[in-house]
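I sat down today with a new model and a fresh page. Here is what I looked up, in the order in which I looked.

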Amino acid sequence: MHTYILRRLLHTIPLIIGITFISFILITMAPGDYLSKFKMNPQISPEKIEIMKVKFGLDKPWYIQYLKWLWAILHLDFGTSFTYQISVTSLILQRLLNTFILSFSALLFSWTIAIPIGILCATYRFSLIDKLGSFFSFLGQSISEILLALAMLFLALKTKWFPLGGMHSINYEYLSLGDKILDLLHHLILPTIVLGVFSIAHLTRYMRSQMLDILKSEYITTALSKGLSKSSVIIKHGARNAINPLVTLLGFEIAGLLSGAFIVENIMAWPGLGRLIMEALFSQDLYLVMGSLFMSSILLIFGNLIADILLSLIDPRIRLD
Amino acid sequence: MKKYAIVIIISIFLLSCDQKSKVKLTQDIPLPHDPATSNCTVGKYGGTLVIASAGEPKTFNPIMCNESSSSDVISRMCEGLTTINNKTQKVTNQGLAKSWKVSKDGKCWTFNLRKGIYWSDGHPFTADDVIFTFKVIYDPKIHPATVDSLIVNGKKFKVEKIDNYTVKITTPTIYAPFLRVISLAIIPKHKFEKSYQEGNFESAYSVNTKPENMAWIGSFKLEKFLPAQKTVLVRNPYYFKIDKKRNRLPYLDRIVFVAVPDFNAVSMNFLAGETDLIDSIRSEDYAPIKAAEKKGNYTIYKINYGLGSSFLWFNLRTDKNPKTSKYYVNPIKSKWFTNVEFRQALSHAIDQKSIIDTIFLGMGYQRWGIDSPAAKIWYNPDIKKYPFSLKKSEQLLTKAGFIKKDNILYDSKGNRVEFTLFTNSENDVRIKIANLIKHDYQKLGVTMHINPVDFNSLVSKINDTFDYEACLLGLGGGDIDPVSHMNVLKSSGFTHLWWPKQKKPATLWEAEIDELMDKQLTTLEFKKRREIYNKVQEIIMNNCPMLYLPGRTLYLAAKNKIGNIKPTVLEHRLLWNQEELYFRDQ
């Protein structure tokens, strides 16, 4: 086990270099740079642009910029954002928690709903429940996140039941602790639904088909013929085995926790990383983009590793050696 | 277990009792010796004004900010030696200097600062702050964007402290827009000096700096900044302005800028009643906002002429690229483009009214000239205009030797007239306008191809490689003083779009503009200066280097319960007199 983890960790080094290298080339190859937008401003002189260029290191060829960045990363220095003039780390940290809250709430929401529905659909195959479940999960998979987010905003505007985006009310600071929590939950409802719908839809399908496979297997028949009650067979023997492959999915979801909410955050004004990075991409704020890419690739790699380890803990048939 | 639960419940209860939403109206701070007096309607204290903005501050450093989402917020908290009254568009003495005198030669300005005024942390304001501000601005290592308007003929202003409340500024030559450019924000020496000496001035007053560690002199100060959520400004209890009844301004307790992702959200928040003001209603949002005007208890204000301009221009370079020794522009086409009659003909063929009706949904005005009629003290109404007339176009083209055969236009040497127009692909309004123009040009027999490319590529075409024939773009508002057009109008300017950074003016009329622009800069008397600038506007429109497109009519809205609302075309259109705004009794 230990050697396996060590090996996996060693693998990440070339992987990270590869990912960052390609991203860096792609960003610097795109036409223009952070300073392009200032060139058409009659109020900003070419001298000023030249000074900024030298200061930001944009006058050097891309490979020198990349090597410098890589060297700084080794010292845990993610560089300074061009736009904000403060360190990339502090910018990312500001928003990290907000994105995490939203993604975690969506994860919790989708898993607690999808797994029981999947089990129900499989147990009562071809019943009305199963048909409704199938219908909604196909619908959920085919609807686009953007459309759903806009529809939700429209709902909020028309009914006034929910806030129009954002994370807190204007008067948040003056609320009591209990009201603060309620206020946050109230703001969480719509983005959680939007972010969770796709997950629910495909997890339900996945759980259903896994469960159907298991229910057909011989040990279930044995358990039932021994006289165990149907519900205990399904929950103890069926669901536990069916859930194994889903743990791998969880690994991906951990990676997505911090990067999966771009669209929702942008439409529903959630103050998370997604908005920061989107703006950084548009303004070609090089180190901010690189910093966030670096972070999401690390999360993806570790998410997978954690999933593999979890899987070996749950399923004794899998050995990591 | 039960014990813990009780403790937790009690502590939650105690926490919920802790509320502090009212700002104490600190009337115990004595009024300054030299207050500024506003003659606005006397209002009443209290209330929080909420406004949504697409974008948020990237820094709170008044010297380093160079985009509007930061400066919109920062200017609420800053003051300069002079101020510009948005309504009259003129310089007033409502700023940090209560009066000033100019020497006979017009170069030496003495400012008398207000006595007994304080920064928001209670530190007194003196001439040292002014001296420090200029020291920072003129530091070549910092080189803020604003410094260019403070350098004349490559020379800095001489800024001297006479005593604690008197500052003398000497300009190298007579500098006409001096009082306007001197309205820049003064920064507190006691807060910035340390970071300046340590060489990290750029990151002082960043979005991570605690508001308690900042000092402001404007009517509001920063209370809280939550990234991607909101910026909260709270009244500055030390502000130096009073109303007619000697009440200290501002009336409002707070101004909150809510950061929303885009302009859709700005409109939606206003429609939902969550914000009190909207400072620009897009034409596509006008209908729903107008429909709810009564029910929502707000009023829509119309500003007939916006400041921003958009135009089409031809690449007028006639020289060769020294690297490839090829012409930048195909000499056959260059011959058409540099012909005034050709440009005038194509300007006459732009149907501004159709563009306004179909693309701006009727919310625009036909525009000619570098200045918008909104710049009322500078706009010259007698410039040559180019109303839509294909007949006039054809006459001009025939006069210039072009021949139309089978609906296709040929020049005198038999070359078919066609060219490619570039515009930026992010802006679909510009692409739509280009398509309308293309349609009318077809009637003249001129083929115009449209090639939308992304903004950054376009910038490099215009600035570096010059490999384009025609281009459609716009320039934003900015101040109305002619000094803000220097870089566009002078042939050596870097945004002299049709041929930037010329070593020597390429044409006689460009040489004449260069001369007049330099002359207006050293003419202190307004009337004379205006005469010179009128001439510049005329030359530009006679020679038509930029083919003007319609401008926008602006619409903005404010809730009826807000008093002293005075919308203006200059930014910030609704908050410029923030200290006078108040909530009426309902």
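My notes below go through the chain contact, a pair of domains and some salt bridges.

**Entry 1: what I am looking at**

I am reading a predicted model. I kept that in mind throughout, and for side-chain atom pairs I relied on those at pLDDT 80 or more.

**Entry 2: chain A against chain B**

I began with the contact between the chains, which takes 46 residues from chain A and 56 residues from chain B. I then looked up the area: chain A and chain B bury about 4300 Å² between them, and 61% of that lies on carbon and sulfur atoms. Which residues of chain A lose the most area to chain B? I found A:Met40, A:Pro42 and A:Tyr174, which together make up 18% of what that side buries.

Next I turned to the charged and polar pairs. I noted four salt bridges between chain A and chain B. I looked at the pair A:Glu173 and B:Lys230, whose side chains meet in a salt bridge at 3.0 Å, N to O. For polar contacts, the rule finds twelve residue pairs across this interface, both partners at pLDDT 80 or more.

I also wanted to know where the chain A side comes from. Among the elements giving it two or more residues are helix H2 (36–39), helix H5 (88–123) and helix H13 (273–283) of chain A. The largest share, six residues, comes from H3(A). By class, I wrote down 20 nonpolar, 15 polar and eleven charged residues for the side of chain A that touches chain B.

**Entry 3: two domains of chain B**

The domain assignment gives chain B domain 1 (12–56 + 207–298 + 553–583), domain 2 (83–190) and domain 3 (309–552). I picked domains 1 and 2 of chain B, whose C-alpha centres lie 27 Å apart. Here 24 residues of domain 1 are in contact with 22 residues of domain 2. The two domains bury about 1800 Å² between them, with 60% of it on carbon and sulfur atoms. In domain 1, the residues that lose the most area to domain 2 are B:Asp34, B:Ile217 and B:Tyr238, together 33% of what that side buries.

How many salt bridges cross between these domains? I found one. The side chains of B:Lys98 and B:Asp34 meet in a salt bridge at 3.0 Å, N to O, and B:Asp34 is also one of the residues that lose the most area on the domain 1 side. I noted eleven residue pairs in polar contact across this interface as well. The side of domain 1 that touches domain 2 has 13 nonpolar, six polar and five charged residues.

**Entry 4: salt bridges in chain B**

Over all chains the count comes to 32 salt bridges, and I looked at a few in chain B.

- B:Glu193 and B:Lys189 meet at 4.0 Å, N to O. Both lie in helix H5 (residues 189–197) of chain B, four residues apart, about one turn of the helix. B:Glu193 is partly exposed at 26% relative accessibility, and B:Lys189 is partly exposed at 27%.
- B:Asp440 and B:Lys443 have their closest N and O atoms 3.2 Å apart. They sit three residues apart in helix H12 (residues 428–444) of chain B. Buried or partly exposed, I asked of B:Asp440? At 7% relative accessibility, B:Asp440 counts as buried, whereas B:Lys443 is partly exposed at 41%.
- B:Glu293 pairs with B:Lys290 at 2.8 Å. B:Glu293 counts as buried because its relative accessibility is 16%, under the 20% cut-off.

My last note is a network of salt bridges that links B:Arg282, B:Glu284 and B:Asp285.

Definitions and conventions
Residues numbered from 1 in each chain as written. Chains lettered and ligands numbered in written order. Predicted model: local features only at pLDDT ≥ 70, side-chain atom pairs only at ≥ 80, totals over all residues. Heavy atoms only, no water. Contact = heavy atoms within 4.5 Å. Buried area = accessible area lost by both parts, 1.4 Å probe. Polar contact = N/O pair within 3.5 Å; in protein donor to acceptor, adjacent residues only side chain to side chain. Nonpolar A, V, L, I, M, F, W, Y, C, P; charged D, E, K, R; others polar. Domains from an automatic or database assignment. Buried < 20%, exposed > 50% of the residue type's maximum accessible area, 1.4 Å probe, protein only.
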